[in-house]
Amino acid sequence: MQSSTATSPATAADIAKKLSAVFLAVSRHDGGDFLREVEESGLTLTQCRALTVIASATEDERRSARELAAQIGVTDSTFSRAIETLVQRKLVTRAEDELDRRQRQIAVTPEGGRLVSTLIARRRAGIEDFAASLTAEQSHALGLALDALLESDEVASAHDQIQRREST
């Protein structure tokens, strides 16, 4: 599909539609490996999201369950049930916060970390396959657009999380 030259900036709806198409195309490149891995883990998507957000936290980040629930877009009670399952499956631990006994510290276990790493590897393999299917011109244009997005604090922070995860 050819893109027409726009004379005005794209609207949020236009960008969302185009990004949705890209995400759909990317998801077709993993051969179903990512979703198969999620299914084989026996976890719900909410539990996988909770596990991933917990695993992405650094040692010095202290976030409450309420903040974590908000980050993945679920209610406190839904998040609490997800955490309970993750604790029972020994994918996370939950302990009393030494500084505030009303709070609980949630941390990923080595087994939980391995599962998150596997899920990320499956997802990344699909993304790499998609990237390899691009022409040189498309790859260059996408690289420039991604570099521009990395100037955003939100995207830069996510990129830093990935870099930290890969260095451990």
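Leu24 is partly exposed in this predicted model, with a relative accessible area of 44%. The residue is found in helix H1, which covers residues 12-27. Leu24 and Arg104 are 80 residues apart in sequence, and their C-alpha atoms are 37 Å apart in space.

## The protein as a whole

The model is predicted. The protein has eight helices and two strands. Read along the sequence, these elements follow the pattern α-α-α-α-α-β-β-α-α-α. The C-alpha trace spans about 60 × 35 × 30 Å along its principal axes.

Of the 168 residues, 21% count as buried. The protein exposes about 12000 Å², and carbon and sulfur atoms supply 54% of that area. Among contacts with a separation of 6 or more, 54% come from residues 24 or more positions apart.

## Helix H2 and its two sides

Helix H2 runs over residues 33-41, and its buried residues are Phe34, Glu37, Val38 and Ser41. These residues cover an arc of only 100° around the axis, so they lie on the same side of H2. The face turned away from that buried side carries the exposed residues Leu35, Glu39 and Glu40. The cover over the buried residues of H2 includes H3 and H6.

Glu37 lies in helix H2. How accessible is Glu37? Its relative accessibility is 16%. Buried means under 20% relative accessible area, and Glu37 therefore counts as buried. Leaving aside residues up to four places away in sequence, Glu37 touches Thr118, Leu119 and Arg122.

After H2 comes Gly42, whose phi is positive, near 80°.

## Helices H3 and H6

Two packed helices are described by the angle between their axes and the distance between the axes. Helix H3 (residues 45-55) and helix H6 (residues 110-132) pack at an angle of about 105°, and their axes are 10 Å apart. Angles of 65 to 115 degrees count as roughly perpendicular, and H3 and H6 are therefore roughly perpendicular to each other.

Which residues meet where H3 and H6 are in contact? From H3 come Cys48, Leu51, Thr52 and Ala55, and from H6 come Gly112, Leu115, Val116 and Leu119. By class, this contact of H3 with H6 has six nonpolar residues, two polar residues and no charged residues. Leu119 of H6 thus appears in the contact with H3, and Leu119 is also one of the residues that Glu37 touches.

## The loop before strand E1

Lys90 lies in the loop between helix H5 (76-88) and strand E1 (92-96). Phi of Lys90 is near 60°, a positive value in a residue other than glycine. Is Lys90 buried or exposed? Lys90 is exposed, with a relative accessible area of 58%.

## Accessibility of three residues

The table lists the residues discussed above for which a relative accessible area has been given.

| Residue | Location | Relative accessible area | Class |
|---|---|---|---|
| Leu24 | helix H1 | 44% | partly exposed |
| Glu37 | helix H2 | 16% | buried |
| Lys90 | loop between helix H5 and strand E1 | 58% | exposed |

Key:
Residues numbered from 1 in each chain as written. Predicted model: local features only at pLDDT ≥ 70, side-chain atom pairs only at ≥ 80, totals over all residues. Heavy atoms only, no water. Axes fitted to C-alpha atoms, helices over the stretch in contact; angles between N-to-C directions. Helix = DSSP H or I, 4+ residues; strand = E, 2+ residues; numbered from the N terminus. Parallel < 35°, antiparallel > 145°, perpendicular 65-115°, else oblique. Contact = heavy atoms within 4.5 Å. Nonpolar A, V, L, I, M, F, W, Y, C, P; charged D, E, K, R; others polar. Buried < 20%, exposed > 50% of the residue type's maximum accessible area, 1.4 Å probe, protein only. Arc of directions from axis to C-beta. Areas by Shrake-Rupley, 256 points an atom, 1.4 Å probe, with all protein chains shown as cover.
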